[in-house]
Each structure stands twice: as structure tokens, then as C-alpha cells.
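Open the model in your viewer and get your selection tool ready. We will go through it one stop at a time.

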Amino acid sequence: MHHTGRNGASVLALSVALLGGCAGNGEGLDQNGRPLAPGGGSNGPLTADFASIQFHILTPICTACHAGGAAPQGLRLDSTNSYSLLVGIPSTEVSSTLRVKPGDPNNSYIIQKLEGHAAVGAQMPFGGPYLEQATIDIVRQWIADGALPAASAAGVGFGVTSISPAMHVIVTDARVPLVVGFSEDLDQTRIDGGSVRLEEIDRATGTTIREMPVRLSVPAGNPKALMVVPVAPFSDGLYRLTALTPPATGLSGISGSRLGGSSAVSGPVLLTEFEFETPP
Ligand code: HEC
């Protein structure tokens, strides 16, 4: 394993559930492809809001595969990561189509995958049993209504909640989006070229080989997420993404709180370190 935290970068502890494989295929569905209500349905029936979709569909059915470092196409659908990786984020398979396009279910890749007419790959859940159209229609309704996030607890402060690719993942498709999710809406006026740094790192010495120019954007409908798009293509190697902290520059939440808060975090904050490898 590669050492992290060189160059004075602090390591953010991110809890990522690593699943071994795709066991549990179809778990969470009854024999008719209807989602089971986990916990005896204490959370009520499936409704067209994100918390309900997470509880009834994404967590029980999709995270059998879409979780941890090995999640297909880098798409993790556990409750910590799903929203920041879905809404306004380009699909890996068809990068001209957003995974979820707020207000437009027909042009949302997740719907095309659930209904089985996406241009690439299989219908989801992979291998079935598939969701009933009535269930998919509830996901469609959530998207048509603007694909709003689940109501979140206030006052958590500004910090990183989700990062893709996850630490030490091997990425083999350059289209896998780089996304950082935060606990609070970003102050978009403070995002500039100095907000994050993407570098190729020498494996042996941990020093920087080159800095990769990036384009930063906040995806439509997903104001807690920052998408990082390298301008130049990846070559095989080790990459490190860091966030820069004040006073020089740095990201901040809409409430004005900065990364690291009032604690004495100074210098770059390590977000993730991943390998890029061209498939054989
Ligand atoms: C048994 C494993 C498995 C399950 C369960 C599963 N998927 Fe997938 N998913 C895959 C694989 C493998 C791929 C890539 C190959 C393909 O698309 O056929 C994929 C690809 C996708 C993609 C394309 C991602 C992109 O960025 O291009 C989406 C969207 C998706 N899945 C959504 C879902 C949803 C939503 C569920 C739950 C309803 C789900 N999947 C359940 C294995 C699974």
C-alpha cells in the first residue's frame, strides 16, 4: 500500500463500507420484483422522496454491488455517497447523459438502466429481479419533482462526507467522475483554481511528478458536491487529490464555515489517492 499523508497533508477519516462482491443479488425484492420494506416497513411505503428511495431501493437492493471501492463505474449507492454521485453527475458508461438529471427522468441514466433501455450494459439491478414499472415510476416522479435531497440535520458544520474514487481504488476508466461531497452547500463564489489540487505522485518517493489542470464545477441540483474534471488525460500512475485550506484560498460552506472548521487544520487536506491503470 502506498503511504498517505506525505507533504503535510492531513488524512480525513472516511467511513467506507467495503463489500467483497456482488452477493445478495436481488436481496430486498420480493418475488414480483417489488422492494421489501426492511425493518417491517417501519419507515412507511415507498414515496417519491430521496430518503424513501434510499431506504426502500438503493440500500437494500443496489448496495449489494454498488458499494465500497469496487462499486461498478465508481457509483456507490450507500446512503453516505449516493446523492452526491447521482444528481447532476455524468454517467461513466454514457458520459453525455447525467445519472440523474433533475426535472428530466427520460434523460436520466438511472431510469434508462432501471427500465433496461440504456445504450450500454445491462438492465439494473444487474441479473434481476428487476423493479416493477410502478416502483420505477416513483423514482421518475422524484426526478420530475427536481430530484431534491433528503432533508438533512442542521448544524453539522462544513466537512467532506463523500469522495469518489475512494482511497486506494484502482480506476480503469478515465470517465469515472471525481466527486467530492460536502455536508453543507458550497459557497460557489469561493471556488477557484486554488480550491483543490490534483497531482500525479511518484510511487517510490511520494513526490509530485506533475500537477494536473482541472475544471471545477458544482453539478446542477447537487450544491453539496464538487466535480473535478482533469483537463488533460490520465496516464497510468498514482494520483492524489487534496483540498486547499485557508488562509491562502480554500473551499467554504454557504454559511461561511471553512474546511477544517476552527480547528488548526492548515495546509492541504488529503481527499483521496487512487491509481489509474489502462485496462489490459
Ligand atoms: C448484482 C450487481 C448489481 C446490482 C444489484 C446493481 N447493479 Fe448497477 N451495475 C452493476 C454493474 C456490473 C454495472 C456495470 C455494467 C453494466 O452496466 O451492465 C452497473 C452499472 C450501473 C449504472 C451505470 C453507472 C454509470 O455511471 O454509467 C447505474 C446507473 C446502475 N448500475 C444503477 C443501479 C441501481 C439503481 C441499482 C439498484 C436498483 C443497481 N444498479 C443494482 C451491477 C449491479
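Start with the charged pairs: there are 9 salt bridges in this structure, which is a predicted model. Side chains of opposite charge can pair when their charged atoms come close. Three of these pairs make good stops, and one of them leads us on to the ligand.

**Stop 1: Glu-93 and Lys-113.** Select both side chains and you will find a salt bridge, with 3.0 Å from N to O. Glu-93 sits in the loop between α2 (82-86) and α3, while Lys-113 is in helix α3, so the pair ties together parts that are 20 residues apart in sequence. Are these two residues buried or exposed? Glu-93 has 17% relative accessibility, and because buried means under 20%, Glu-93 counts as buried. Lys-113 is also buried, at 8% relative accessible area.

**Stop 2: the ligand.** Keep Glu-93 selected and show the ligand. An N or O atom in the side chain of Glu-93 is 2.4 Å from a ligand oxygen, so this residue takes part both in that contact and in the salt bridge you just saw. Next, add Arg-99: one of its polar side-chain atoms lies 2.8 Å from an oxygen atom of the ligand. Then turn on the backbone of Thr-92, where a polar atom is 2.7 Å from a ligand oxygen.

**Stop 3: the shell around the ligand.** Now widen the selection to everything that surrounds the ligand, which is 23 residues. The closest are Cys-62, Cys-65, His-66, Glu-93 and Met-124. What is the make-up of this shell by class? It has 15 nonpolar, 5 polar and 3 charged residues. Color helix α3 (residues 109-115) as well: this helix gives the most to the shell, with 4 residues.

**Stop 4: Glu-275 and Arg-203.** Move on to another charged pair. The side chains of Glu-275 and Arg-203 form a salt bridge, 2.6 Å from N to O. This pair links distant parts of the chain, 72 residues apart: Glu-275 is in strand β10 (residues 269-276), and Arg-203 is in the loop between β5 (196-201) and β6 (208-212). Glu-275 is buried, with a relative accessible area of 8%, whereas Arg-203 is partly exposed at 43%.

**Stop 5: Asp-173 and Arg-175.** Finish by selecting these two side chains, which meet in a salt bridge at 2.9 Å, N to O. Arg-175 counts as partly exposed, with 41% relative accessibility.

Definitions and conventions: Residues numbered from 1 in each chain as written. Predicted model: local features only at pLDDT ≥ 70, side-chain atom pairs only at ≥ 80, totals over all residues. Heavy atoms only, no water. Near = heavy atom within 4 Å. Polar contact = N/O pair within 3.5 Å; in protein donor to acceptor, adjacent residues only side chain to side chain. Helix = DSSP H or I, 4+ residues; strand = E, 2+ residues; numbered from the N terminus. Nonpolar A, V, L, I, M, F, W, Y, C, P; charged D, E, K, R; others polar. Salt bridge = Lys/Arg side-chain N within 4 Å of Asp/Glu carboxyl O. Buried < 20%, exposed > 50% of the residue type's maximum accessible area, 1.4 Å probe, protein only.
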